[in-house]
Amino acid sequence: MAALLRSLLAASEKAARIAQLCRQEEALFSLLIEEKRGADKNKKFLQDFKTLADVLIQEVIKHDVGKEFPELQEHIRGEESNKFENGLGETVVVQVCPTQADTAALLQKVLDRNRRAAELLAAAVHQEVVLSDPALDGIAVTISTDSLAVWIDPIDSTNQYIRGCGNVLPVDGIYPSGLHSALVLIGAYSRQSGEPVLGIINEPFFQEALPAHGWQSKYHWGISYRGTHLSSLSRPQLQASPRVVLSTNEKVGLQKALAPLCGEQLCFASGAGYKMLCVALGLADAYVLSEGSTFKWDSCGPHAILQALGGGIVDLSAALQAWRAGQGKQLPELTYHKPLEGSVGADCWANQGGLVAYVHPEHLEAVMATLAAAADAF
């Protein structure tokens, strides 16, 4: 487990550097934000350069971790397809090639022969990342990687990544929007039970690095496996009145339902992964989402960290049913190994019933009791 954690953390750091590069280098940033017009509007890929940043990070993680752990190669998944059609009508499969020059040549095809952009990205893809983290040296948890699979969200909160500002100020510690909510999320889970066992959240835009105007990243991790709970984070203190973080477009009915419990403690932020991180950091006590707008790749990594801290993520709809049936001590946690029956595409992996992320069971119970009493309101 220690070796896998190191490998995934190194991959997350490389992913963070690629995400930073796409924002910092003009040759890449202009592609990231450019709105194509006229004849260019039909160039599918350049219109959607943000997808390349997502896909490239996803493929780098799959390549680097799969190279070290071949048994995981076919069990590392993300949300993006790696096939594109460029402006010349060519179908290009994005992948990490044996050499930096080969990768640059492939990326030039994707980027309609933009050599400078391709070379910058290829250099980032092939750089070596060496972790110097003494906290990882003492980990002694054994689990067969043959029993695991991995979910990747290469850049969670993509819209904030593209359009987001780096100078948004936090409100009581929580950034309502901006680059801080764009995260790299990696989660390993049991193929048999679907339970999350290892999670990583990397903040590529944790803080601005002056005077170079670059960015410094920061990662967090957690392991939750058969009674062993380890994390880079400390468990937040239990607060008497829970502070709940919601999506900016959460239903008004849900907001009103939570008001009696939280009072002025309702807050709002962008990015599902970021809101889960806020709970893990103790900036919020729960994250409630009433709709099925998140996916397994969003929640798997944060879920493992929350479990390592004594919490978790429950399926809101199923948990409300269990609560009404008097089974409040056995609320169903999300699992990650089975697609939804009757769904197609990405919807197969949606957290369809909404969710509640928490650290302290007392806060989960308070939220569930409040929502169960006002279920008709939302």
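Confidence in this predicted model, given as pLDDT (the predictor's score for each residue, from 0 to 100), averages 89 over the chain, and 92% of the residues score at least 70. A weaker stretch is found at residues 35-48, where the pLDDT is below 50. This stretch still has 19 contacts in the model beyond near neighbours in sequence, a contact being heavy atoms within 4.5 Å. Where pLDDT is low, the predicted coordinates should not be read in detail. Since the model is predicted, local features need a pLDDT of at least 70 and side-chain atom pairs count only at 80 or more, while totals for chains, interfaces and linings use all residues. Residues are numbered from 1 along each chain as its sequence is written, and side-chain values use heavy atoms, with hydrogens and water left out.

The interior comes next. The largest nonpolar core has 66 residues; such a core is a set of buried Ala, Val, Leu, Ile, Met, Phe, Trp, Tyr and Cys residues joined through side-chain atoms within 4.5 Å. Here buried means under 20% relative accessible area, exposed means over 50%, and partly exposed lies in between (1.4 Å probe, protein chains only). Leu5, Ile61, Val65, Leu121, Tyr161, Leu198 and Trp221 touch the most other members of this core. Helix α1 (residues 2-24) gives the core its largest share, 11 residues. Helices (H or I, at least four residues) and strands (E, at least two) are DSSP runs, numbered from the N terminus. Another core, of 37 residues, lies apart from the largest one and includes Leu185, Tyr189, Ile305 and Trp349. In soluble globular proteins, nonpolar side chains tend to be buried together.

Val65 offers a closer view of the largest core: leaving aside neighbours within four places in sequence, Val65 is in contact with Leu4, Ser7, Leu8, Ala11, Leu72 and Ile76. Lys14 belongs to helix α1 and counts as buried because its relative accessibility is 6%. Not counting residues up to four places away in sequence, Lys14 touches Val60, Asp64, Ala124, Val125, His126, Gln127 and Val129. The C-alpha atoms of Lys14 and Val60 are 8.2 Å apart, although 46 residues separate the two along the chain.

The largest pocket holds about 590 Å³ of space. On a 1 Å grid over the protein atoms alone, a pocket is an open set of points where a 1.4 Å probe fits, with protein on both sides within 12 Å along at least five of seven lines, and lining residues have an atom within 4 Å of a point. Grid points are joined across faces, edges and corners, and the volume is the space filled by probe spheres set on them. Of the 28 lining residues, Asp156, Ser157, Gly271, Ala272 and Ser293 lie nearest the centre. At least two lining residues come from each of β4 (148-156), α7 (158-163), α9 (272-281), β11 (286-289) and α10 (296-308).

Ser157 sits in the loop between β4 and α7 and counts as buried because its relative accessibility is 13%. The phi of Ser157 is near 65°, a positive value in a residue other than glycine. Asp172, in the loop between α7 and β5 (183-190), also has a positive phi, near 50°. Asp172 is exposed because its relative accessible area is 62%.
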